[in-house]
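Let's walk through this structure together, starting from a single residue and working outwards to the whole chain. Keep the sequence and the 3D view side by side as you read.

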Amino acid sequence: MRVWMIDAVNMTPYYNASLCRALLAEQCQVTMMTSPFIYDPWPIYDGLEVRYGFSHFLQNERLLQLAKKPLARRVMRVLEYPLDLMDVFLPPKRPRPILHFQWAAVPAFDMWIWKSLKLAGYRLVLTAHDILPHDSQRPPLGQERLYNIPHRIIVHTQTLAQELVERFPDTAERVRVIPHGTLFDDVPECSRDAARRALGLPSDAPVALFFGLIEPYKGVECLIRAFSQVVPDLPEARLLIAGKPNTSIESFPGLIAELGMADHIGTDLSFIPTERVPLYFGAADVVALPYLEASQSGVLLAAYRFGRPVIVTETGGLPDTVEPGENGLVVAPGDEHALAAALIELLSNQEQARQMGARSREIGLERYDWRVIAQRTMAVYRELEGD
């Protein structure tokens with residue numbers, strides 16, 4: 001079975017690499033079709049067949065300098081994208097591989113390309129990581145027609161499957177639920193003490209972690225305000241905010257100072273390379289995902305891989321992935337008081353946090369193992385061979 005895994009903008013490189021490796025282990029001939037990932041020197045796609053068929057300008061030093069700003073980079077991607085597609089798909093490949101798209105780079109344009117590929121005899125699979133773009137109540141131009149094209153659509157939880165079908169009823173017969181797997185499985189863990197020494201944190205302080213790209217929908221300001229309610233009960237508590245901002249963070253320093261949290265909240269507002277990821281998860285007693293809205297989260301599955309309890313909000317597929325009271329707590333999105341109470345509950349009881357973290361690790365191994373995910377993905381591919 002021959003598959004092209006396509007993520008033209010390399011939106012989810014760690015997910016892509018884990019899925020491709022697992023498929024390869026199941027004897028699937030998979031080629032990763034993507035663009036260069038410029039942030040992380042870690043060999044994310046090591047051992048895989050990779051074709052960097054998109055965003056060639058990222059491999060040109062002079063053009064890369066022009067593309068330093070995100071807006072300029074997006075414009076350059078869009079301008080190059082049609083040429084990249086023609087280079088990748090013309091002339092048609094024989095035998096035709098299954099095309100498994102992870103993201104639609106430009107939905108209004110992709111719908112015509114996907115329709116043409118389908119008419120040419122390609123079998124198309126889409127993983128819908130997000131049903132709609134974040135902070136959007138309406139489908140972007142071309143999104144609804146795009147969902148009508150793939151032969152199968154994969155979502156990560158049953159809640160997301162229900163949401164997809166409610167919004168786009170014509171997808172009902174083509175939706176399959178396959179969970180998101182644990183992340184950073186190939187990265188060595190770091191002990192709590194060693195991680196805290198490396199990050200300059202007290203060895204005995206209760207520590208909460210927010211990790212990942214900082215976006216408006218992720219509720220970081222809500223978390224900062226909630227943490228100011230934690231400190232009166234736990235004066236030694238610390239909050240780490242680590243990740244690359246994809247939005248303005250000008251309000252963060254002022255808010256932290258206004259709340260008197262400068263000694264309690266530490267920030268690393270940059271892309272965290274893979275080799276440093278174990279430091280942050282190793283140092284944390286609990287991982288907080290205070291998202292105002294979400295579909296699923298790779299950070300949640302990373303917390304399971306590192307054996308950490310989680311606090312998530314009741315949005316999207318997040319609650320589907322948590323056992324409340326066993327490996328984490330679920331609170332209402334945007335509820336600062338509930339979030340603060342959950343943080344106090346876990347940070348004030350180290351033994352409970354350790355037990356819940358151990359359960360997170362078990363859940364990761366039991367339900368979100370990439371071998372099982374690959375087998376279920378292969379089953380979807382086989383359905384298409386029988387169509």
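Trp4 counts as buried, at 8% relative accessibility; buried means under 20% relative accessible area, exposed over 50%, and partly exposed in between, with a 1.4 Å probe and protein chains only. You will find Trp4 in strand S1. Helices (H or I, at least four residues) and strands (E, at least two) are DSSP runs, numbered from the N terminus. Contact here means heavy atoms within 4.5 Å. Not counting residues up to four places away in sequence, Trp4 touches Thr31, Met33, Val88, Phe89, Lys93, Pro97, Ile98, Leu99 and His100. Thr267, by contrast, is 263 residues from Trp4 in sequence and 39 Å from it in space, C-alpha to C-alpha.

A word on what you are looking at: this is a predicted model, in which local features need pLDDT of at least 70 and side-chain atom pairs count only at pLDDT 80 or more, while totals for chains, interfaces and linings use all residues. Residues are numbered from 1 along each chain as its sequence is written, and side-chain values use heavy atoms, with hydrogens and water left out.

Now follow the chain onwards from S1. Asn10 is found in the loop between strand S1 (2-7) and helix H1 (13-25). Although Asn10 is not a glycine, it has a positive phi of about 55 degrees. Asn10 is also buried, with a relative accessible area of 3%. Ser55 is another residue other than glycine with a positive phi, near 50 degrees. The place to look for Ser55 is the loop between strand S3 (49-52) and helix H2 (61-66), and at 4% relative accessibility Ser55 counts as buried.

For a residue on the outside, turn to Leu71 in helix H3 (residues 70-89). At 56% relative accessibility, Leu71 counts as exposed. The C-alpha atoms of Leu71 and Asp130 are separated by 22 Å, with their positions 59 residues apart along the chain. Asp185 is partly exposed, with a relative accessible area of 38%. Asp185 sits in the loop between strand S7 (175-177) and helix H7 (192-199), where it touches Arg305 and Trp370, not counting residues up to four places away in sequence.

Next, the interior. Which residues have the most contacts inside the largest nonpolar core? They are Phe227, Phe281 and Leu343, in a core of 91 residues. A nonpolar core is a set of buried Ala, Val, Leu, Ile, Met, Phe, Trp, Tyr and Cys residues joined through side-chain atoms within 4.5 Å. Leaving aside its neighbours within four places in sequence, Phe281 is in contact with Leu209, Phe211, Val287, Val299, Ala302, Ala303, Phe306 and Arg308. Apart from the largest core lies another, of 30 residues, with Leu126, Ile131, Ile149 and Val155 among them.

Helix H8 (residues 220-230) is worth a look too: 8 of its 11 residues are buried, so H8 is largely enclosed by the rest of the structure. Those buried residues are Val220, Cys222, Leu223, Ile224, Ala226, Phe227, Ser228 and Val230. Their cover includes strand S8 (207-211), strand S9 (238-242), helix H9 (251-258), strand S10 (265-268), strand S11 (286-289) and helix H12 (336-347).

Finally, step back to the whole. The protein chain has 14 helices and 13 strands. Its radius of gyration is 21 Å, close to the 21 Å that the globule rule gives for 387 residues, so the chain is as compact as a globular protein of that length. That radius is taken over C-alpha atoms, and the globule rule is 2.2 Å times the number of residues to the power 0.38. Along the principal axes, the C-alpha atoms fill a box of roughly 65 × 45 × 40 Å. Of the 387 residues, 52% count as buried. Among contacts with a separation of 6 or more, 72% come from residues 24 or more positions apart.
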